[in-house]
Amino acid sequence: MLAGAAYLYRSAGHFAYAPRPGELGPDVWPRAILALLMVVCASRLFGHLFGIAAEGAAADASVDDSAGADAPRRFPRLLVAGIVLTILYVLSMGTLGFFVATTLYLALFMLVGRYRRPVVIVVTSLVGSLVFVYVFMKIVYVSLPLGAGPFQQLSVAVLAAMGVR
Amino acid sequence: MDGVAHQLALGFLELLSPANAASLAVGLVVGMLVAVLPGLTLVMGVVLALPFTYGMGVTPAIVLLTAMYLSGTYGGAFTSILFRIPGEPLDVPLLWDGYPMARKGKPAQALGWTLVAALWGGIITAVSAVVLAVPFAKFALRFDAPEYFAVVAFGLSGVVALGGASMSKALVSLCIGLLLATVGVDDTYGAERFTFGVPILKDGVEYLTVMVGAYGLGEVLARMEQGFASPPMEGSGRIATRLPRWAEIWRLRATVARSSLVGLLCGIVPGAGATVGSFIAYGTEAQYGKKRDKLGTGIPEGILAPQVASTATVGGHMVPLLALGIPGSGATAVILGAFLLHGVQPGPQIFQTEARMVYTIFASMFASVVGMCLLGYFAIRPLVRVLALPEAVTSAFVALFCFVGAYSARNSTTDLWMIVIFGVVGYLFERHRFPVAPMVLGCILGPVAETSFMTSMIAYQNDWTVFFRRPISGVVMVLTILALAFPAFRALRQRARAKERVGTDAPSA
């Protein structure tokens, strides 16, 4: 983070603008923030290197913690699967359209999340997608992606069946 | 005062309009549901409701979010007391006496005390918002650019210092938020900043995507990594509430008074929100309460103190939000976002230009308090049944809400990618215990801070001492420095105490 801040600090010096006499440039504010960020990072780094606790240990254990519960078990593969699935959802929305992409995303998300009741998965993902399409296109007036080719035709048919024009 | 009463009466009339009344009802129910579900935080719930407000008028939109905010401070009490699962971090102190009381076979009484506490805290919060907001706004009319900069700096420093996390991590989070706010074309010179030739970055980073991604998707990813391990709750169909008698409540008036004061102060001070308020109120009771020795064994004082304080913080937060446009918590940052999305800038002038809207919001706070208590008393049984839903199912829908919410703002696929990016950032923050709130507040308040700083520099010939020389800004800047110095002072004192302890233990070892 320190290196990144230093790089951004340097690039802030290359903003293209027409200077006005006696006035601060557009680089001053971001550079002030970056300077603060670098100071904080450096002090933390210094603290770690020389074994000085920057703050009380109690501060890290924030009040947000649930009464000192044990550290939870972690499943990194699930996390990676979740992120990949989410990226695929965004990637596919333009082609598959909101309705199809969302139905698949909801169903796969529940499966990846280790939920194993196929009927519930199919029904909730299908009904959920339909409700979202109806609420956002009919009530909130948001134009959700329809997709391309046959998926577009499917989306249009679903919308027509729901009375959304 | 007559003027205020008259405006408030008009606000109540306005609240009766179908749009406002429906928003209030929906906000109360959804706020309570969000608070009941351990996987959803109150702030996340308010964020996810934001897209539904795009098509609404500004008043119903703010009424909806404020009702969610208020009822959210109450709903989590049910799972804390009955199942020992805090729906919100602010409900953790409720575990300490609420759960033992329920275990003694008095769950209905414990819920009754919670209801009384939420009602009292809510009334206090609504009254104080009405009484304090106008003087606050009149005072704020004297503000010039240096004062605004000082107030924003104080707001941000409060969030950093009192947010509950490590100060350096909070500062890093704040700096990231402030930096994100600088991306895009700058207002003064039209210079492109940190766009790196990417066209979509010219429009800047939408704070909405930062909020929704970091709070919503980030939390979902964090829970996914833990395998959605929260088991569905059973036995939620036996819930009932039994109210205490008036004499019993009167006996605890000192606890109620102390906790109300703590809650209000924690609300007004930026950063010290409902969670901090509820912990401090419990701690105050542990120090000054008549039955302090029995705290933790299931006594009403241990339920009243945190619940009164957490609900009382809401009004405290609403005052600086409306009068200065400065949010002091994650939830009020989202409410400020809703104001801005509807083209309304909160600040002292809002009491003149949008008085009807402001007093309708105040009226909705009174109505919300009554509504959430009625809901808690009569309808909590079906609401708590939501706990039977598997976490994987609710999380899938939360993730979907995040995407649809972000997409709805500008109909742009770029915002969906922003959600993914900030979702991962939010997860990394959660994983490495960096607080998200400073980043979100930095992102929202960054432009205000920069504009007031640059305006001050132009008006006072780049003399930075102006922030300390003018009386109001000087006082606020000193408070800012004190707020930032407080955690360092606390850390030094803790270290000194630890050394003392080591010194006294050493001879005996």
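This is a short tour of where chain A and chain B meet, followed by a stop at a pocket. Keep in mind that you are looking at a predicted model.

**Stop 1: the two faces.** Begin by selecting the residues of each chain that touch the other. You should pick up 73 residues from chain A and 71 residues from chain B. Together the two chains bury about 6,300 Å² between them, and carbon and sulfur atoms give 75% of that area.

**Stop 2: a salt bridge.** Now show the side chains of Arg74(A) and Glu225(B), which meet in a salt bridge with an N to O distance of 3.0 Å. The count of salt bridges between chain A and chain B is 1. Polar contacts across the interface come to 9 residue pairs, with both residues at pLDDT 80 or more.

**Stop 3: the helices of chain A.** Colour H1 (2-12), H2 (28-49), H3 (57-60), H4 (76-112) and H5 (118-139) of chain A; each supplies at least two residues of the side that touches chain B. H4(A) gives the largest share, 18 residues. Colouring this side of chain A by class shows 50 nonpolar, 13 polar and 10 charged residues.

**Stop 4: the second largest pocket.** Next, select Phe132(A), Val30(B), Leu48(B), Phe52(B) and Phe401(B), the residues nearest the centre of the second largest pocket among the 37 that line it. Helices giving two or more residues to this lining are H5 of chain A and, from chain B, H2 (18-36), H3 (42-49), H4 (58-83) and H18 (391-410). The space inside is about 970 Å³. What classes of residue make up the lining of this pocket? The lining has 29 nonpolar, 8 polar and no charged residues.

Terms used
Residues are numbered from 1 along each chain as its sequence is written. Chains are lettered from A and ligands numbered from 1 in the order in which they are written. This is a predicted model: local features need pLDDT of at least 70, side-chain atom pairs count only at pLDDT 80 or more; totals for chains, interfaces and linings use all residues. Side-chain values use heavy atoms; hydrogens and water are left out. Contact means heavy atoms within 4.5 Å. Buried area is the accessible area (1.4 Å probe) that two parts lose on being put together, summed over both. A salt bridge is a side-chain nitrogen of Lys or Arg within 4 Å of a carboxyl oxygen of Asp or Glu. A polar contact is a pair of N or O atoms within 3.5 Å; within protein, one must be able to donate a hydrogen and the other to accept it, and residues adjacent in sequence count only if both atoms are side-chain atoms. Helices (H or I, at least four residues) and strands (E, at least two) are DSSP runs, numbered from the N terminus. Ala, Val, Leu, Ile, Met, Phe, Trp, Tyr, Cys and Pro count as nonpolar, Asp, Glu, Lys and Arg as charged, and the others, Gly among them, as polar. On a 1 Å grid over the protein atoms alone, a cavity is a set of points where a 1.4 Å probe fits but cannot get out, and a pocket is an open set with protein on both sides within 12 Å along at least five of seven lines; lining residues have an atom within 4 Å of a point. Grid points are joined across faces, edges and corners, and a volume is the space filled by probe spheres set on the points.
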